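Biologist: I have the sequence and the fold on my screen, and I would like to hear the reasoning behind the labels. Could you take me through them?

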Amino acid sequence: MNTFDAIFSRRSIRAFNGEDITKEELDMILKAAYASPIGRAMYDTLALTVIRNRELIGNWEKLMQTASGNPDLHPFYGAPTVILVSSVLGEGLMTNVNYSNAAIVVQNMAIAAAELGVGACHIWGAVRGLTGDDGVSGELKIPEGMVPCCAIALGHFDGEYTLREIQDNRIRTAFVE
């Protein structure tokens, strides 16, 4: 697959079959994270937590079910691996940069996953649910002074990525010439 094929076929997988990714797949996905362009090269403001402990993922889901009042909520869609991206939040304009850096890391991992045929889904809401929780948050080994920003759920799925037709102007676009 070339870069454009990976981008044009990448989609959010929301039904994992329970089969975990291999060490080699994980290593390549992490390498894609490490290759991410980070504002001002401030790599030390980011941290990744690779969670392959299904019980901990389940506890995180239970936390979200309780917080939302929805016992049927499964924010990780059965994914056996979740990678949490945390960052030191700057002040003022730098807050946006650090959240953007975290999102770029997740997007690089999602594109790498598509290239490898590994299912991936950006996770946002379940990450917000960690705020103020000492139980699950404490088990996630988030470095002191860092805040969970976003995550990616990973695993195998029944199916494959296929090229999608991408509509022009799907996003409002203004040209200033």
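Modeller: Gladly, and let me start with a definition: buried means under 20% relative accessible area, exposed means over 50%, and partly exposed covers what falls in between. Please keep in mind that this is a predicted model.

Biologist: Why is R52 called partly exposed?

Modeller: R52 has a relative accessibility of 33%. Partly exposed is the class between 20% and 50%, so R52 counts as partly exposed.

Biologist: What makes D20 and R52 a salt bridge?

Modeller: The cut-off is a side-chain nitrogen of Lys or Arg within 4 Å of a carboxyl oxygen of Asp or Glu. The side chains of D20 and R52 meet at 3.1 Å, N to O, so the pair qualifies. D20 sits in the loop between α1 (3-9) and α2, and R52 in the loop between β1 and α3, so the bridge ties together parts that are 32 residues apart in sequence. D20 is partly exposed as well, at 24%.

Biologist: How many salt bridges does a search of the whole structure find?

Modeller: Two. K23 also forms a salt bridge, with D27, and their closest N and O atoms are 2.7 Å apart. Here both residues lie in helix α2, four residues apart, which is about one turn of the helix.

Biologist: Are K23 and D27 buried or exposed?

Modeller: K23 has a relative accessible area of 55%; the limit for exposed is over 50%, so K23 is exposed. D27, at 36%, counts as partly exposed.

Biologist: Let us turn to the sheet. What is the order of its strands?

Modeller: The order is β1-β2-β4-β3, in an open sheet of four strands with antiparallel pairing. The edge strands are β1 (46-51) and β3 (119-123).

Biologist: What makes β1 and β3 edge strands?

Modeller: Each of them pairs on one side only. From one strand to the next, the twist averages 20°.

Biologist: How do you know that β2 pairs with β4?

Modeller: Pairing takes at least two bridges between two strands. Seven bridges join β2 to β4, so they count as paired, and they run antiparallel. Among the partners, S86 is matched with P148 in β4, and V85 with C150.

Biologist: And how many bridges link β1 and β2?

Modeller: Six, again in the antiparallel sense. One example is T49, whose bridge partner in β2 is L84.

Biologist: What holds strands of a sheet together in general?

Modeller: Strands of a sheet pair through backbone hydrogen bonds, in either a parallel or an antiparallel arrangement.

Biologist: Why is β2 described as largely enclosed by the rest of the structure?

Modeller: Seven of the seven residues of β2 are buried, so that description follows. Both faces are covered: T81, I83, V85 and S87 are buried on one side, and V82, L84 and S86 on the other.

Biologist: What makes S86 buried?

Modeller: Its relative accessibility is 0%, and buried means under 20%, so S86 counts as buried. S86 lies in strand β2 (residues 81-87). Leaving aside neighbours within four places in sequence, the residues in contact with S86 include T45, L46, A47, I142 and M146.

Biologist: Which helices lie against these strands?

Modeller: Helix α2 (residues 23-34) packs on the sheet, touching β1, β2 and β4, and its direction makes about 165° with that of β1. Helix α3 (residues 54-68) lies across β1 and β2, at about 65° to β2.

Biologist: Which residues make the nonpolar surface patch?

Modeller: F4, I7, F8, L163 and I166 make the patch, which is about 450 Å². L163 is found in the segment after β4. Patch residues need over 30% relative accessible area; L163 has 55%, so it passes that limit and also counts as exposed.

Biologist: One last topic, backbone angles. What is notable about phi at K141 and N169?

Modeller: K141 has a positive phi of about 55° although it is not a glycine, and N169 has a positive phi of about 60°, also without being a glycine. K141 is in the loop between α6 (135-139) and β4 (147-155), while N169 lies in the segment after β4.

Biologist: Why are K141 and N169 called exposed?

Modeller: The limit is over 50%. K141 has a relative accessible area of 70%, so it is exposed; N169 has 61%, so it is exposed too.

Notes
Residues are numbered from 1 along each chain as its sequence is written. This is a predicted model: local features need pLDDT of at least 70, side-chain atom pairs count only at pLDDT 80 or more; totals for chains, interfaces and linings use all residues. Side-chain values use heavy atoms; hydrogens and water are left out. Helices (H or I, at least four residues) and strands (E, at least two) are DSSP runs, numbered from the N terminus. Buried means under 20% relative accessible area, exposed over 50%, partly exposed in between (1.4 Å probe, protein chains only). Contact means heavy atoms within 4.5 Å. Axes are lines fitted to C-alpha atoms, for helices over the stretch in contact, and angles run from 0 to 180 degrees between N-to-C directions. Patches are made of residues with over 30% relative accessible area and no salt bridge: like charges are joined within 9 Å, nonpolar side chains (Val, Leu, Ile, Met, Phe, Trp, Tyr) within 5 Å. Accessible areas come from the Shrake-Rupley method with a 1.4 Å probe; for residues, only the protein chains shown count as cover.
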